[in-house]
Amino acid sequence: THCSPQAALQGARLVGGGALLWLIYRFYRRCLPADRSARLTAFGFACVSSGFGWVQWSHWHDKNLPGGPVDAWQPEAYTFLSIYTSALMTVSTVFILGALYALLRGEQTGKMRYAVYAGLCGGILGNMHSYDVLHLSAAWGLFLIVWTVLRRGKGVALSWARAVVALALTLPTTLYMYYVFNAEAVFKARANVPTLSPAVWHYFLGYGLVFLLAVLAAVKMAPSAPN
């Protein structure tokens with residue numbers, strides 16, 4: 001394209017940001033098809049929400065402290081900060097959500113082609129931000145385990161089959177990057193930087209109001225105890 005690297009970077013950030021917002025809304029349309037108000041509220045939270053890390057401003061202001069609230073140092077945890085600061089995080093999130101959306105559509109329609117779409121998203125993700133494949137696989141794997149328990153193992157074989165197809169298409173690029181990590185000393189030194197997890201309560205603080213609303217939703221949805 002003969003664009004400068006900076007122009008290509010900003011173009012990817014803007015195009016990726018638009019794709020991410022479009023995909024988030026489509027995801028909510030599938031999850032909340034009958035409640036437009038809830039859908040728009042969820043979309044608003046996904047777009048602009050952050051945490052309560054500001055209440056500890058004096059502890060991390062102008063410092064690069066490891067393990068602080070995630071909204072103090074991890075832009076990829078939030079849609080707004082990803083789009084605002086990072087083409088890589090924005091486009092990576094597009095493929096994470098794209099894979100989840102395709103797997104969800106596979107559950108709703110029973111069609112295997114959505115597993116292929118999810119696998120293609122995972123394959124691209126594995127090539128550009130490989131470790132995201134781990135938490136993507138863990139999230140969908142946990143969903144399948146819970147789904148299998150709730151269904152008592154009945155009628156879940158195709159759900160697992162779609163997941164296997166998606167994983168099979170995802171793994172080649174992820175495994176290749178793992179090979180490069182072990183074979184290329186410069187890449188290994190660059191990537192092998194310890195990033196320790198913060199205290200658990202810092203995650204709660206970092207997700208702020210969204211976390212509190214999730215707790216309230218879980219309480220409201222919990223079945224009431226029998227008299």
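**A helical chain with a lone salt bridge**

Search the whole structure and you turn up one salt bridge. This is a predicted model, so keep that in mind as you look around. The chain holds ten helices and zero strands, and the salt bridge ties two of those helices together, with Arg-162 in helix 8 and Glu-107 in helix 5. Below is a quick tour, starting with that pair.

**The salt bridge**
- The partners are Arg-162 and Glu-107, whose side chains meet at 3.1 Å, N to O.
- In sequence terms the pair links distant parts of the chain: helix 8 covers residues 157-183, helix 5 covers residues 87-109, and the two partners sit 55 residues apart.
- As background, side chains of opposite charge can pair when their charged atoms come close.
- Is Arg-162 buried or exposed? Arg-162 has a relative accessible area of 6%, so it counts as buried, the cut-off being under 20%.
- Glu-107 comes out at 22% relative accessibility, which makes it partly exposed.

**Where helix 6 meets helix 7**
- Helix 6 takes in residues 113-128 and helix 7 takes in residues 132-151.
- Their axes come within 9 Å and cross at roughly 145°.
- On the helix 6 side, the residues in contact are Gly-122, Leu-125 and Gly-126, and they meet Asp-132, Val-133 and Leu-136 of helix 7.
- Sort the residues of this contact by type and you get three nonpolar, two polar and one charged.

**A nonpolar patch on the surface**
- Helix 7 turns up again here: it supplies five residues, the largest share of a nonpolar patch.
- The patch is made of Leu-142, Ile-145, Val-146, Val-149, Leu-150 and Trp-160, with about 590 Å² of accessible area together.
- One of the patch residues, Leu-142, is found in helix 7.
- Leu-142 has a relative accessible area of 52%, so it counts as exposed, since the cut-off for that is over 50%.

**The chain as a whole**
- Read from the N terminus, the elements go α-α-α-α-α-α-α-α-α-α.
- The C-alpha trace spans about 55 × 45 × 35 Å along its principal axes.
- Of the 227 residues in the chain, 32% are buried.
- Among contacts with a separation of 6 or more, 68% join residues 24 or more positions apart.
- The accessible surface comes to about 14,600 Å², and carbon and sulfur atoms account for 69% of that.

How values were computed: Residues numbered from 1 in each chain as written. Predicted model: local features only at pLDDT ≥ 70, side-chain atom pairs only at ≥ 80, totals over all residues. Heavy atoms only, no water. Axes fitted to C-alpha atoms, helices over the stretch in contact; angles between N-to-C directions. Helix = DSSP H or I, 4+ residues; strand = E, 2+ residues; numbered from the N terminus. Contact = heavy atoms within 4.5 Å. Nonpolar A, V, L, I, M, F, W, Y, C, P; charged D, E, K, R; others polar. Patch = residues over 30% accessible without salt bridge, like charges linked within 9 Å, V, L, I, M, F, W, Y side chains within 5 Å. Areas by Shrake-Rupley, 256 points an atom, 1.4 Å probe, with all protein chains shown as cover. Salt bridge = Lys/Arg side-chain N within 4 Å of Asp/Glu carboxyl O. Buried < 20%, exposed > 50% of the residue type's maximum accessible area, 1.4 Å probe, protein only.
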